[in-house]
Amino acid sequence: MEKAKLMQLEIEEKRKLPKKVKDNISTVIFQNLLAAVIIMSYLCAINIIYYKLNNIMFEEYMKYFALGIIVITIIDFEISYRKKSLKFCLIGIELLACGILSLYIPYIYLHTSKTLRDIVMILPVCLTIYYAIKSLMIFKQKQFKYQNNLSDVKEIVKETEKTSYLDEDSKKIYREKTREEEKIRQEIEKEQKIRKIKKQLQKKKQLKVEKR
């Protein structure tokens with residue numbers, strides 16, 4: 001009983017995220033923020049190049065940019081496949097979306113309305129909000145997973161405590177049965193002794209009668 005209570009108190013104390021779990025969360029968030037920085041820097045660079053270069057040069061540069069982002073995407077997917085990592089897979093999907101957008105940016109910037117071009121240009125701001133929300137969700141998910149695992153352990157402790165009570169009851173029943181059996185055995189032995197004494201007395205009487 002006391003051990004179970006101590007284990008429960010220890011589990012409650014461990015509900016606070018330990019350094020190892022915090023480091024793991026920080027690593028995952030850092031990887032996502034690194035991807036965010038790459039994508040946002042890429043989109044900002046596109047905007048700068050658009051204003052600095054003429055249309056022909058801009059289209060030429062965009063081909064190389066799109067090729068570069070596709071190469072990075074392929075590397076990311078390869079890492080995701082080898083490590084069987086969902087987080088790298090999601091980052092790869094984001095990079096792939098960015099690469100596909102790169103193919104259409106020359107057309108959007110040069111052959112569409114100013115409104116659509118302005119919408120694409122403010123994408124880095126939207127991505128900042130997106131990655132901030134994503135980082136918060138990663139933290140909450142990891143925290144929930146850690147605390148949920150502790151809850152599972154707590155349930156096991158409760159089950160163990162119940163089992164210990166059952167074992168205790170079983171031991172009590174076993175002791176009572178043992179005592180009863182011992183008591184019956186003693187009574188049987190006592191009765192056997194009495195019979196033996198009676199038989200001996202009867203034999204003595206018979207011997208006396210025969211001598212007469």
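These are my notebook entries on a predicted model of one protein chain.

**Entry 1: the overall layout**

I began by asking how many helices and strands the protein chain has. I found six helices and zero strands. Going along the sequence, I wrote the pattern down as α-α-α-α-α-α.

Next I looked up burial for the whole protein chain: of its 212 residues, 24% are buried. I noted an accessible surface of about 16600 Å². Carbon and sulfur atoms account for 63% of that surface.

I also checked how far apart in sequence the contacting residues are. Taking contacts between residues at least 6 apart, I got 71% that join residues at least 24 apart.

**Entry 2: helix 2 against helix 3**

I wanted to know at what angle helix 2 and helix 3 pack. The angle came out at about 170 degrees, and the axes are 10 Å apart. Anything over 145 degrees counts as roughly antiparallel, so I put helix 2 and helix 3 down as roughly antiparallel to each other.

Then I listed who makes the contact. From helix 2 I have Tyr 42, Ala 45, Ile 46, Ile 49 and Tyr 50. From helix 3 I have Phe 58, Tyr 61, Met 62, Phe 65, Ala 66 and Ile 69.

**Entry 3: the cores**

As background, I jotted down that nonpolar side chains tend to be buried together in soluble globular proteins.

Here, the largest nonpolar core has 22 residues. Ile 39, Tyr 42, Leu 43, Ile 46, Phe 58, Ile 105 and Tyr 109 are the ones with the most contacts inside this core. I looked up where the core residues come from: helix 2 (19–52), helix 3 (55–83), helix 4 (86–111), helix 5 (114–121) and helix 6 each give at least two. Helix 2 has the largest share, with nine residues.

I also found a second, separate core of six residues, including Ile 25, Val 28, Ile 29 and Ile 138.

I picked Tyr 109 for a closer look. Which residues is Tyr 109 in contact with, once its neighbours within four places in sequence are left aside? My list reads Ile 46, Asn 47, Tyr 50, Phe 58, Arg 117, Val 120 and Met 121.

**Entry 4: Phe 77 and Lys 84**

Phe 77 is a residue of helix 3. I got a relative accessible area of 30% for Phe 77, which makes this residue partly exposed. Not counting residues up to four places away in sequence, Phe 77 touches Cys 89, Gly 92, Ile 93 and Leu 96. I checked one of these pairs further: Phe 77 and Ile 93 are 16 residues apart along the chain, and their C-alpha atoms are separated by 8.4 Å.

Lys 84 sits in the loop between helix 3 and helix 4. I looked up its backbone and found a positive phi of about 55 degrees, although Lys 84 is not a glycine. With a relative accessible area of 78%, Lys 84 is exposed.

**Entry 5: Lys 134**

My last stop was Lys 134, in helix 6 (residues 123–211). Is Lys 134 buried or exposed? The cut-off for buried is under 20% relative accessible area, so Lys 134 counts as buried at 12%.

I then looked for its partners. Leaving aside neighbours within four places in sequence, Lys 134 is in contact with Asn 32 and Glu 94. With Glu 94, I noted a side-chain polar contact of 2.6 Å.

Key. Residues numbered from 1 in each chain as written. Predicted model: local features only at pLDDT ≥ 70, side-chain atom pairs only at ≥ 80, totals over all residues. Heavy atoms only, no water. Helix = DSSP H or I, 4+ residues; strand = E, 2+ residues; numbered from the N terminus. Buried < 20%, exposed > 50% of the residue type's maximum accessible area, 1.4 Å probe, protein only. Polar contact = N/O pair within 3.5 Å; in protein donor to acceptor, adjacent residues only side chain to side chain. Contact = heavy atoms within 4.5 Å. Core = buried A, V, L, I, M, F, W, Y, C linked by side-chain atoms within 4.5 Å. Areas by Shrake-Rupley, 256 points an atom, 1.4 Å probe, with all protein chains shown as cover. Axes fitted to C-alpha atoms, helices over the stretch in contact; angles between N-to-C directions. Parallel < 35°, antiparallel > 145°, perpendicular 65-115°, else oblique.
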